[in-house]
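The following is a walk through one protein model, from its helices to its pockets, surface and salt bridges. Keep the sequence and the structure in view while reading.

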Amino acid sequence: MADTSLLMQMIDDWVDQDEDSGARVTPVVAGHWNTASVDQLYRKTARDVGTMLTENRIRNRVFQELFLDLYNDYLHVALEAMRTGVAA
């Protein structure tokens, strides 16, 4: 859960980088977070979703793939909300 929260913060900072540049220092503006670090954390959270399902005895591959698709949809909806200003 903490990693997913961090991922959302990384994405939010990435979306806001033009606005933040010159106004305040964020990890994206400072160069600490980049597309590679966002991708790395995304991949970790996606693996963690699979691990969580398996550990809870949910081994049906179709269900696991569906759940991961829902996770990806959640991230895309959140990103679009950030881009359009719906999520501040």
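In which helix is the place of Tyr 42? Tyr 42 is located in helix 3. The model that shows this is a predicted one. Tyr 42 has a relative accessibility of 23%, so it counts as partly exposed, given that buried means under 20%. Between Tyr 42 and Thr 26 there are 19 Å in space, C-alpha to C-alpha, and the two are 16 residues apart in sequence.

The surroundings of Tyr 42 are easier to follow with the overall layout in mind. The protein has 4 helices and 0 strands, and along the sequence this reads as α-α-α-α. Taken along the principal axes, the C-alpha atoms fill a box of roughly 50 × 25 × 20 Å. The protein has 88 residues, of which 30% count as buried.

Tyr 42 also leads to the largest pocket. This pocket holds about 300 Å³ of space. Its lining has 13 residues, and those closest to the centre are Leu 7, Ile 11, Val 38, Tyr 42 and Leu 79. Three elements give two or more residues to this lining: helix 1 (2-15), helix 3 (35-55) and helix 4 (61-84). The largest share comes from helix 4, with 5 residues. Sorted by class, the lining of the largest pocket consists of 8 nonpolar, 3 polar and 2 charged residues.

The second largest pocket has about 180 Å³ of space. Its lining is made up of Met 1, Asp 3, Thr 4, Thr 45, Asp 48, Val 49, Met 52 and Tyr 71. Here the elements that give two or more residues are helix 1 and helix 3. Helix 3 gives the most to this lining, namely 4 residues, whereas in the largest pocket the largest share comes from helix 4. By class, the second largest pocket is lined by 4 nonpolar, 2 polar and 2 charged residues.

Where does Met 52, one of these lining residues, sit in the fold? Met 52 belongs to helix 3. Met 52 counts as partly exposed because its relative accessibility is 39%, and this value also passes the limit of over 30% relative accessible area that is set for patch residues. Met 52 is indeed part of a nonpolar surface patch of about 440 Å², together with Phe 63, Leu 66, Phe 67 and Leu 70. The largest share of this patch, 4 residues, comes from helix 4. Met 52 thus appears both in the lining of the second largest pocket and in the nonpolar patch.

Asp 48, another residue of that lining, leads to the charged contacts. Its side chain meets that of Lys 44 in a salt bridge, at 2.7 Å from N to O. Lys 44 and Asp 48 are both in helix 3 and lie 4 residues apart, about one turn of the helix. Lys 44 counts as partly exposed because its relative accessibility is 32%, and Asp 48 counts as partly exposed because its value is 33%. Which residues are linked with Lys 44 in a network of salt bridges? The network consists of Asp 3, Lys 44 and Asp 48. Asp 3 and Asp 48 are both among the lining residues of the second largest pocket.

Helix 3 holds another such pair. The side chains of Asp 39 and Arg 43 form a salt bridge at 2.9 Å, N to O. Asp 39 and Arg 43 are likewise 4 residues apart in helix 3, about one turn of the helix. Asp 39 is partly exposed because its relative accessible area is 34%, and Arg 43, at 48% relative accessibility, is partly exposed too.

Are the partners of the salt bridge between Arg 24 and Asp 20 buried or exposed? The side chains of this pair meet at 3.2 Å, N to O. Arg 24 counts as partly exposed because its relative accessibility is 48%, whereas Asp 20 counts as buried because its relative accessibility is 5%. In total, the count comes to 5 salt bridges.

Technical notes: Residues are numbered from 1 along each chain as its sequence is written. This is a predicted model: local features need pLDDT of at least 70, side-chain atom pairs count only at pLDDT 80 or more; totals for chains, interfaces and linings use all residues. Side-chain values use heavy atoms; hydrogens and water are left out. On a 1 Å grid over the protein atoms alone, a cavity is a set of points where a 1.4 Å probe fits but cannot get out, and a pocket is an open set with protein on both sides within 12 Å along at least five of seven lines; lining residues have an atom within 4 Å of a point. Grid points are joined across faces, edges and corners, and a volume is the space filled by probe spheres set on the points. Ala, Val, Leu, Ile, Met, Phe, Trp, Tyr, Cys and Pro count as nonpolar, Asp, Glu, Lys and Arg as charged, and the others, Gly among them, as polar. Patches are made of residues with over 30% relative accessible area and no salt bridge: like charges are joined within 9 Å, nonpolar side chains (Val, Leu, Ile, Met, Phe, Trp, Tyr) within 5 Å. Accessible areas come from the Shrake-Rupley method with a 1.4 Å probe; for residues, only the protein chains shown count as cover. A salt bridge is a side-chain nitrogen of Lys or Arg within 4 Å of a carboxyl oxygen of Asp or Glu. Buried means under 20% relative accessible area, exposed over 50%, partly exposed in between (1.4 Å probe, protein chains only).
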